[in-house]
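Trainee: I would like to go through this model step by step. Where should we begin?

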Amino acid sequence: LYFGLARAQAATLERPHLLQTSEYLQRAFEYCVKTGDVARAVDIAVHQFGTIEGTNQRLGRALELVAPDSHEAGRLLSHSLTVVGLSVQHSDAYTRAYDRALAIAQRYGDSALEMQTLVNAGCLDGSHLRLHACIEKNLRAVALAEFLDQAFAICPRVHSKDAHPCASISSLVPTLVVTLCHEAACAPVTP
């Protein structure tokens, strides 16, 4: 119930009013931990809420609940890139999380997780003006996306009248590369 309420608030409230959303997320997470519902706790920890207060702590606690090399750990590590890497001071944590998430995704043959990890890491590279690394990771993600039968992650700053989130990947590559070169910030989007 709290998780559903938090999702509804996150979708409808303005940023300054999201403190209660964080409290609801924390209550839902704590309840799942207390009742041993690790899978649901992981789902709450990785739900895309941006930088709502407590996200780092929930991700850290969820990582303590799962096996270090499990698929769930890969999901958590990949998602942590959207939070941990926001600060230049955490570059070691970012590198470890990226390397582990990518290795786990490849070990499990989970191309969607690998792609999301590449996009998350590439977007952080872009936000820190490491444009070459940003482009390299996002192009690797684009190459993976061509073979996935699901929605893919793209940079939301693709400003082309022909670019649509569900457009063919090959039609987006030139626009994506230009966008990544000219705009240093991007974030994962799933249509």
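Mentor: With a pair of helices, keeping in mind that the model is predicted. The axes of helix 6 (residues 91-107) and helix 7 (residues 111-127) come within 8 Å and cross at roughly 160°.

Trainee: Are helix 6 and helix 7 roughly parallel or roughly antiparallel to each other?

Mentor: The axes cross at roughly 160°. Angles over 145 degrees count as roughly antiparallel. Helix 6 and helix 7 are therefore roughly antiparallel.

Trainee: Is the crossing of helix 6 and helix 7 left-handed or right-handed?

Mentor: Two packed helices are described by the angle between their axes and the distance between the axes. For helix 6 and helix 7, the hand of the crossing can be added: left-handed.

Trainee: How do the residues of the contact of helix 6 with helix 7 divide into nonpolar, polar and charged?

Mentor: Helix 6 contributes residues including Tyr-94, Tyr-98 and Leu-102, which meet residues of helix 7, among them Leu-113, Glu-114 and Asp-125. The residues of this contact divide into 9 nonpolar, 2 polar and 2 charged.

Trainee: Does Cys-123 count as buried or exposed?

Mentor: The cut-off for buried is under 20% relative accessible area. Cys-123 has 4% relative accessibility, so Cys-123 counts as buried.

Trainee: How many disulfides are there?

Mentor: Cys-32, at 6% relative accessibility, also counts as buried. A disulfide needs a pair of cysteine sulfur atoms within 2.5 Å. By this rule the count of disulfides is 0.

Trainee: How far apart in space are Ala-133 and Cys-123, C-alpha to C-alpha?

Mentor: Ala-133 lies in helix 8 (residues 131-145) and, at 22% relative accessibility, counts as partly exposed. Ala-133 and Cys-123 are 10 residues apart in sequence; in space, their C-alpha to C-alpha distance is 9.4 Å.

Note on methods
Residues are numbered from 1 along each chain as its sequence is written. This is a predicted model: local features need pLDDT of at least 70, side-chain atom pairs count only at pLDDT 80 or more; totals for chains, interfaces and linings use all residues. Side-chain values use heavy atoms; hydrogens and water are left out. Buried means under 20% relative accessible area, exposed over 50%, partly exposed in between (1.4 Å probe, protein chains only). Axes are lines fitted to C-alpha atoms, for helices over the stretch in contact, and angles run from 0 to 180 degrees between N-to-C directions. Helices (H or I, at least four residues) and strands (E, at least two) are DSSP runs, numbered from the N terminus. Angles under 35 degrees count as roughly parallel, over 145 as roughly antiparallel, 65 to 115 as roughly perpendicular and the rest as oblique. A crossing is left-handed if the near helix is turned anticlockwise from the far one by less than a right angle, and right-handed if clockwise. Contact means heavy atoms within 4.5 Å. Ala, Val, Leu, Ile, Met, Phe, Trp, Tyr, Cys and Pro count as nonpolar, Asp, Glu, Lys and Arg as charged, and the others, Gly among them, as polar.
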